[in-house]
Amino acid sequence: VRTPTIPKDVNWREFFVEQLIRLAGASSIGFVLLIFLFLIKEGTPAFLEVPLSNLLGQRWYPTFDIYGLAPLVLGSLLVTVGAIGISLPLGVATALFIGEIAPDWVREILKPSIEIIAGIPSVVIGFVGIQVVSPLVREFSGAPTGLTALTGTLLLAYMALPTIISIAEDALDSVPESYRHAAYALSATQWQTIWRVVLPAARPGIVTAVMLGVGRAIGETMTVMMVAGNAARMPLGLDAFLRPVRTMTATIAAEMGEVARGSTHYHVLFVVGLVLFLVTFMINLAAAFTIFRRGRGGGGRFLA
Amino acid sequence: VNSSRYSAQKVAFGAISAAAISVVIPLVLVIAYIVAQGIGAMNWEFISSMPRNGMREGGVFPALVGTVWLTIGTALTSLPFGVGAGVYLAEYASDNWFTRTIRLAIINLAGVPSVVYGLFGLGLFVIFLRFGMSIVAGSLTLGIMTLPVIISTTEQALNAVPQSFRVVNASLGGTTWQGVRKVILPQALPGIMTGVILGLERAAGETAPILFTVAAFFLPRLPHSIFDQTMALPYHLFVISTQVPGMPIKIQYGTALVLMVFVLTMNLLATLIRRYYRRRRQW
């Protein structure tokens, strides 16, 4: 929204305030740059101290100066892919339910509930994971421990849901009513309309939902640290989900508190942070461009 | 009428409804379970006393106070920048590369993992600016993390104010800033408050950004100044549920309950403000 043009009778105060507000607007750019700068500043020494072949290795064993990032990266990948595999169908279905099927009173209950899910602290979800979900996983899978990739995946899926639901809802909402009317005029049922017309038309938005869901899941820290078991080993093989796994986020959170500032281990943890930053940066950039292309300004809800 | 088409619809809608229900049921169960298990630990002493005997007895008072301080600090950090940026985007910015860069920056701030905010806060505030692990460092870190939510909700709230308000302001000779300060901002205030509270709710429950910037494992006293470390509820729950052997389960659930109540109260407050003003507003 643009203010209509006003005669430029600008006194110093108007000018001063406007500059302050512009500065506040620009501050976000400054903060992103600062984050990047400090990750680089604290991370780059690692590349001098640790040979690249070591960083690219398959073992993470900082006590012996072995800093292979592969198990951590794959660990993050495993739980993220698993989580999105669960939360995408569930989230899109819920968005369909809210947008197309549910009566008003149900919608009035559902929408704030989903907002509440987004607000539950991840440490509380992790706590419930330890107390309730992990024993269940152990019982059903027969694995020796309930703290496995599967446990982390299930909880992550739940935490990614609010993001996926709200963006999928936006996407469904932005499909023009006329598409639906046209389908009904051809005597399609409501479900045929949804399946053959609305969902395909909303696909770019749903792709955005997936991307931001991935960004959210890959960056989630406390929950996976508490329930995924934290074994830094390559998550390969068919039973990878039933074994403990360690993500990049959990590694930083678990180890940063105990390393000496300025040590090699410390620098490498910042490299892990840098990798996380760059991955989420690219995901968000891609998501932003799909949103900008659809002409939806600031992307409103998807930030919240 | 082909009835099989309708039976397909019935099946599909059944599945969709089941999916939606399966999203809400865990929420209800989690809240009910934590309340049921935690209520036994709940009494005034639990809220208002120091942890004792290696946190296995006593209460959560210092963690609760710490979280309140951090929430206030987060608000002080993120409000001026966040509301300012929201006002800029809604009322001043034109559609040019500068504005688009700001929007991209906000989107990326929103996507930075919380633990990376922790690293950033450690590098900039704790070490480089020599704040040490302190309430200032933690608040600034949480404040920057909360910015995107506050900016986007402020912008939305301002955009929702009808254009005619601005036209009338201009026709009466008001400048942009006069219009913003005396007309637009007051009208958008409830919306902004709702967004701010939801943003702070998120910050209050965060653990990863405070791990290396402020949170103390065990500190059985209140912080003396903003350059002091402090305990905080989310980190306290993490500590007692994973790091302390032989921790009575009742205290763990009690702490989870206090944190949930803290966060859900803010959520409820935001919802109430939204409901109340939506009914009252004239446009």
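Trainee: Why is R274(B) called partly exposed?

Mentor: Keep in mind that this is a predicted model. In it, R274(B) has a relative accessible area of 28%. Buried would need a value under 20% and exposed a value over 50%. The 28% of R274(B) lies in between, so partly exposed is the right label.

Trainee: And what makes E115(A) partly exposed?

Mentor: The argument runs along similar lines. E115(A) has a relative accessible area of 28%, which is in between the 20% and 50% cut-offs, so E115(A) is partly exposed.

Trainee: How do you know that the side chains of E115(A) and R274(B) meet in a salt bridge?

Mentor: Side chains of opposite charge can pair when their charged atoms come close. Here the N to O distance is 3.1 Å. The rule asks for a side-chain nitrogen of Lys or Arg within 4 Å of a carboxyl oxygen of Asp or Glu. With 3.1 Å between E115(A) and R274(B), the rule is met, so we call this a salt bridge. The count between chain B and chain A is two salt bridges. Beyond those, 13 residue pairs are found in polar contact across the interface of chain B and chain A, both residues being at pLDDT 80 or more. On the side of chain B that touches chain A, helix α1 (residues 3-38) of chain B gives the largest share, 19 residues.

Trainee: How is the size of the interface between chain B and chain A put into numbers, and which atoms give the area?

Mentor: The size of an interface is often given as the accessible area lost when the parts come together. For chain B and chain A the buried area is about 8,100 Å², and carbon and sulfur atoms give 75% of that. V23(B), I107(B) and L119(B) supply 8% of what chain B buries against chain A, more than any other three residues. Counted by residues, the contact takes 98 from chain B and 88 from chain A.

Trainee: What makes E169(A) and K111(A) a salt bridge?

Mentor: Their closest N and O atoms are 2.9 Å apart. That is within 4 Å, so the pair passes. The two sit in distant parts of the chain: E169(A) belongs to helix α7 (residues 149-173) of chain A and K111(A) to helix α5 (residues 104-119) of chain A, 58 residues apart.

Trainee: Is E169(A) buried or exposed, and how is K111(A) classed?

Mentor: E169(A) has 12% relative accessibility, which is under 20%, so E169(A) counts as buried. K111(A) has 37%, between 20% and 50%, so K111(A) counts as partly exposed.

Trainee: Why do E45(B) and R52(B) count as a salt bridge?

Mentor: Their side chains are 3.7 Å apart, N to O. The cut-off is 4 Å, so the pair is in. E45(B) is partly exposed because its 44% relative accessibility falls between the limits of 20% and 50%. R52(B), at 40%, is partly exposed for that reason too. Over all chains, the structure holds 16 salt bridges. Elsewhere, E100(A), E177(A) and R180(A) are linked in a network of salt bridges.

Trainee: Why is T153(A) called buried?

Mentor: T153(A) has 2% relative accessibility, which is under 20%, so T153(A) counts as buried. T153(A) is found in helix α7 of chain A. Leaving aside neighbours within four places in sequence, T153(A) is in contact with V79(A), G82(A), A83(A), I86(A) and F241(A).

Trainee: What lies 2.7 Å from a polar atom of the side chain of T153(A)?

Mentor: The backbone oxygen of A149(A) does. The polar contact cut-off is 3.5 Å, so 2.7 Å is within range.

Trainee: Back to chain B. How do you know that α5(B) is mostly covered?

Mentor: Of its 15 residues, 13 are buried. Helix α5(B), residues 114-128, reaches 20 Å from its first C-alpha to its last, close to the 21 Å expected at 1.5 Å a residue.

Trainee: Where is the kink in α5(B) centred?

Mentor: On G121(B), with a kink of about 35°. Just after α5(B), R130(B) takes a positive phi of about 55°.

Notes
Residues numbered from 1 in each chain as written. Chains lettered and ligands numbered in written order. Predicted model: local features only at pLDDT ≥ 70, side-chain atom pairs only at ≥ 80, totals over all residues. Heavy atoms only, no water. Helix = DSSP H or I, 4+ residues; strand = E, 2+ residues; numbered from the N terminus. Expected span 1.5 Å × (residues − 1). Bend = angle between axes of the 7 residues up to and from the residue. Buried < 20%, exposed > 50% of the residue type's maximum accessible area, 1.4 Å probe, protein only. Contact = heavy atoms within 4.5 Å. Buried area = accessible area lost by both parts, 1.4 Å probe. Polar contact = N/O pair within 3.5 Å; in protein donor to acceptor, adjacent residues only side chain to side chain.
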